[in-house]
Amino acid sequence: MGETAREKYNRAARLYDLYEMPVEALLFSKLRKGALASVSGRTLEVGVGTGKNLQYYPENTNLTAIDFSSSMLRKAKKRAKLLEMENVTMLEQDIQSLTFPENHYDYITASCVFCTVPDPILGLQNLLRVLKPGGKAIFIEHMKTDNPLINAFLYAMNIMSTRMLGTSMIRETDKNIRNAGFSVLSVKGYLFNVVKVIVATKDSE
Ligand SMILES: C[S@@+](CC[C@H](N)C(=O)[O-])C[C@H]1O[C@@H](n2cnc3c(N)ncnc32)[C@H](O)[C@@H]1O
């Protein structure tokens, strides 16, 4: 059997921040800052990676962060310590088998995660289960677009990204979020709509 996505991220953790640096400086730091400014209360971040979102959470956030890669999580823990964050708990856990109670979180956040979760619909359904009705899920994700030229470029990149990180460039994450049962409140597109900030909620039954 080939290397799993978790094993790929364990291997990549050491240099991850370095090779993500250009795209972080040009785009993602701004998106994180804007998207996370309204977060408050009991919050779950899934696929925390090396913890790049941590510095953008408002102080009144009570954060639990998970990742299935122990090496990425170790980096996030170091970053939380450097930032002297007190209200944060970090756990090694797979989004596909979340153990948190139903209707538990005010906010859920994920950035560049659902390109990798092996079964994205199952993962998204798990997020929906643990989100409170009326709570918000904030996604900063890259995905396939409606533009065939851009998609051709993404297909080319996909050959490398799947091999290196188990990450797909051509997932339809916007559709997956809806198909998992979320109600989408807003969508903002960046970089020719390759990157989208999607805010979604769970309707009350
Ligand atoms: C591209 S990195 C993004 C990290 C971080 N969210 C960021 O914005 O920099 C994807 C992260 O999601 C984690 N991940 C992917 N699938 C996962 C799963 N099924 N359960 C938990 N974590 C997962 C990976 O280990 C990795 O740390």
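# A walk from the E6–E7 hairpin to the ligand

Start with the hairpin of E6 and E7: four residues sit between the two strands, and Leu191 there takes a positive phi near 50 degrees. Keep in mind as you click around that this is a predicted model.

Now colour the two strands of that hairpin. E6 and E7 run antiparallel and are joined by seven bridges. For one pair to zoom in on, select Ser183, whose bridge partner in E7 is Thr201. Leave Thr201 selected and turn to E5: Thr201 is also the bridge partner of Lys136. Strand E7 (residues 195–201) pairs with E5 in the antiparallel sense, over seven bridges.

Time to show the whole sheet. What is the order of its seven strands? Reading across, you get E3-E2-E1-E4-E5-E7-E6, in an open sheet with mixed pairing. The edges are strand E3 (88–92) and strand E6 (183–190), each of which pairs on one side only. Neighbouring strands are turned against each other by 15 degrees on average, ignoring direction.

While the strands are on display, a general point about side chains: in a regular strand they alternate between the two faces of the sheet.

Go over to the E3 edge. E2 and E3 pair in the parallel sense over five bridges. Select Asp67 and its bridge partner in E3, Glu92. Then add helix H2 (residues 70–82), which lies across E2 and E3 and runs at about 170 degrees to E3.

Next, pick residues 120–130. This is helix H3, lying across strand E1 (41–46), strand E4 (105–111) and strand E5 (131–142). Its direction is about 145 degrees to E5.

Then select residues 148–165 for helix H4. Its 18 residues reach 24 Å from first C-alpha to last, close to the 26 Å expected at 1.5 Å a residue. Where does H4 bend? Centre on Met157, where the bend is about 35 degrees. Step on to Gly166, just after H4, and you'll find a positive phi of about 70 degrees.

Last stop: the ligand. Show the 20 residues around it, then highlight Gly47, Gly49, Phe68, Ser69 and Ser111, which come nearest. Which classes make up this shell? There are 10 nonpolar, seven polar and three charged residues. Helix H1 (5–36) and strand E2 (61–67) each supply at least two residues of the shell, and E2 is the strand you've just seen paired with E3.

Key. Residues numbered from 1 in each chain as written. Predicted model: local features only at pLDDT ≥ 70, side-chain atom pairs only at ≥ 80, totals over all residues. Near = placed C-beta within 6 Å. Nonpolar A, V, L, I, M, F, W, Y, C, P; charged D, E, K, R; others polar. Pairing = 2+ DSSP bridges. Axes fitted to C-alpha atoms, helices over the stretch in contact; angles between N-to-C directions. Contact = placed C-beta atoms within 7 Å. Expected span 1.5 Å × (residues − 1). Bend = angle between axes of the 7 residues up to and from the residue.
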